[in-house]
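Colleague: I am new to this structure and would be grateful for a guided introduction. May I put some questions to you once it is shown?

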Amino acid sequence: MFYQLYELNHAALQPYRAFADATKLFYDNPLNPLSQTVVGRSITAMCELFERTTRAYGKPVFDLPTTLVDGVETDVKEKIVWSKPFCKVIHFKRSLAAKRPADPKILVIAPMSGHYATLLRGTVEALLPHAEVYITDWVDARTVPLSDGDFDLDDYIDYVIEMFHALGEDTHVVAVCQPSVPVLAAVSIMEANGDHFAPSSMTLMGGPIDTRKNPTAVNKLAEEKGINWFRDNVIMSVPWPHAGFMRDVYPGFLQLSGFMSMNLDRHITAHKEFFGHLVAEDGDSADKHREFYDEYLAVMDLTAEFYLQTVDTVFVRQALPKGEMTHRGAPVDPSAIRNVALLTVEGENDDISGVGQTKAAQTLCVNIPKEMRMHYLQPKVGHYGVFNGSRFRSEIAPRIVQFVNDHAQVNRRSNVTPIGKRAQG
């Protein structure tokens with residue numbers, strides 16, 4: 001009943017949020033002389049803070065209407081090019097001249113771990129000037145009717161393989177955090193089957209390939225509790241009137257609570273500072289806070305079967321690095337990968353996927369030639385900084401673009417940058 005109580009609590013607060021909105025409008029009105037006083041601005045700030053901390057945040061939008069290509073502002077349109085009940089693939093189609101040489105195709109696999117794909121808005125924005133960018137837009141499980149069936153880790157891997165087939169040959173994949181394991185598994189299966197739709201390159205960023213290396217608090221919790229604890233304590237049924245009524249899920253609000261508890265002092269400080277910015281009429285700082293938390297606090301539910309299978313496979317049993325992972329009963333063997341270039345990226349201060357966990361893919365993929373591999377450790381960034389922020393834009397994204405271009409099929413034999421020079425770049 002916990003999910004139902006959560007929904008009931010949110011509904012019960014609705015009148016108070018409406019009252020807070022009305023109070024804010026009254027004290028924020030320029031015709032009200034109190035709006036120009038510290039007292040009036042403090043009341044306005046308290047009302048906004050209350051409303052924002054009790055709001056149910058909806059799915060954000062990407063809002064990337066333009067990009068710069070060859071120094072020219074170019075329109076961008078979102079187009080759904082592949083669709084299944086639990087996921088859609090969005091193409092950020094740029095309005096380019098027909099005669100212009102084609103840029104590489106990059107499929108960004110967004111994490112299915114509680115947040116929407118828009119969390120990678122900055123990732124997409126940084127890659128758009130250089131590539132045809134596609135992204136997985138995972139669907140909130142509580143909006144998917146039971147009639148659409150289940151969705152587990154095996155289905156996730158099947159989805160990824162189908163996406164590669166839909167996008168065609170010479171596609172490059174970038175997996176951010178959680179999808180690193182299923183993407184590596186999908187590519188392993190495709191290579192073992194001689195599938196010519198396997199991607200030309202694979203970039204794994206901040207992913208839990210081998211959680212035995214430098215384990216974080218998240219990894220230790222999973223090992224200590226075991227899969228039965230998660231099944232008994234965090235799986236709930238979607239309440240009425242959502243479309244996914246009675247579907248067993250891992251609720252997004254629980255995942256968000258876990259994330260926030262890891263750095264609770266930072267979030268409390270951020271909201272105290274937000275209050276101060278509002279009172280001081282520091283609009284730019286307040287807008288940055290709103291922008292971040294509008295995204296961070298928007299969460300989605302995961303199907304119970306996907307969540308439990310992922311926790312068990314990746315965090316409890318560490319099945320992939322131990323050579324014990326299977327897909328539909330068949331073993332997953334990364335050593336089958338021979339033709340897909342591999343780039344692994346980690347953040348020095350990552351407290352979700354510890355340093356070394358993603359790099360482990362380099363050891364597992366023993367048959368990828370040395371000239372088709374690269375590892376990069378980004379100094380002074382945490383988990384979020386691996387795929388977003390100023391250091392991502394200036395230091396990580398250019399390396400991804402260069403790696404993709406080097407290992408596009410047309411360039412692979414003639415334009416591969418030597419490893420030593422890449423490391424210096």
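Modeller: A word on the record first: UniProt positions follow the numbering used here, and annotations may be inferred rather than shown by experiment. Please note also that this is a predicted model.

Colleague: Which residues does UniProt list for "domain: PHB de-polymerase C-terminal"?

Modeller: The entry that carries this annotation is unreviewed. Over the listed stretch, the chain is 46% helix and 12% strand, with its end C-alpha atoms 21 Å apart. The range given by UniProt is residues 206-407.

Colleague: Is arginine 94 buried or exposed?

Modeller: Arginine 94 belongs to strand β3, which spans residues 87-94. Its contacts include Thr67, Asp75, Asp103, His130 and Glu132. Its relative accessible area is 4%, and buried means under 20%. Arginine 94 is therefore buried.

Colleague: Which residue has its backbone oxygen 2.9 Å from a polar atom of the side chain of arginine 94?

Modeller: Among the residues that arginine 94 touches are Leu128, Pro129 and Ala131. The backbone oxygen that lies 2.9 Å from a polar atom of the arginine 94 side chain is that of leucine 128.

Colleague: How far apart in space are isoleucine 161 and isoleucine 189, C-alpha to C-alpha?

Modeller: Isoleucine 161 sits in helix α5, residues 153-167, and is buried with a relative accessible area of 15%. Beyond its neighbours up to four places away in sequence, isoleucine 161 touches Ala186, Ile189 and Met190. Isoleucine 161 and isoleucine 189 are 28 residues apart in sequence, while their C-alpha separation is 8.9 Å.

Colleague: How many of the residues lining the second largest pocket are charged?

Modeller: The second largest pocket holds about 620 Å³ of space. Of its 25 lining residues, the closest to the centre are Tyr6, Arg55, Phe253, Leu256 and Leu297. The elements giving two or more residues to this lining are α1 (2-12), α3 (38-54) and α9 (252-262). The lining divides into eleven nonpolar residues, eight polar and, as the number of charged ones, six.

Colleague: Which residue does a cis peptide bond join to tryptophan 240?

Modeller: The partner lies in the loop between β8 (236-237) and β9 (248-250). Omega of the bond is about 15 degrees, and the residue joined to tryptophan 240 is proline 241.

Colleague: What is the phi of arginine 328?

Modeller: Arginine 328 lies in the loop between β11 (326-327) and β12 (330-331), and is partly exposed with a relative accessible area of 47%. Although arginine 328 is not a glycine, its phi is positive, at about 55 degrees.

Notes:
Residues numbered from 1 in each chain as written. Predicted model: local features only at pLDDT ≥ 70, side-chain atom pairs only at ≥ 80, totals over all residues. Heavy atoms only, no water. Helix = DSSP H or I, 4+ residues; strand = E, 2+ residues; numbered from the N terminus. Buried < 20%, exposed > 50% of the residue type's maximum accessible area, 1.4 Å probe, protein only. Polar contact = N/O pair within 3.5 Å; in protein donor to acceptor, adjacent residues only side chain to side chain. Contact = heavy atoms within 4.5 Å. 1 Å grid on protein atoms, 1.4 Å probe; cavity = no way out; pocket = protein on both sides within 12 Å on 5 of 7 lines; lining within 4 Å. Points joined across faces, edges and corners; volume = space filled by probe spheres on them. Nonpolar A, V, L, I, M, F, W, Y, C, P; charged D, E, K, R; others polar.
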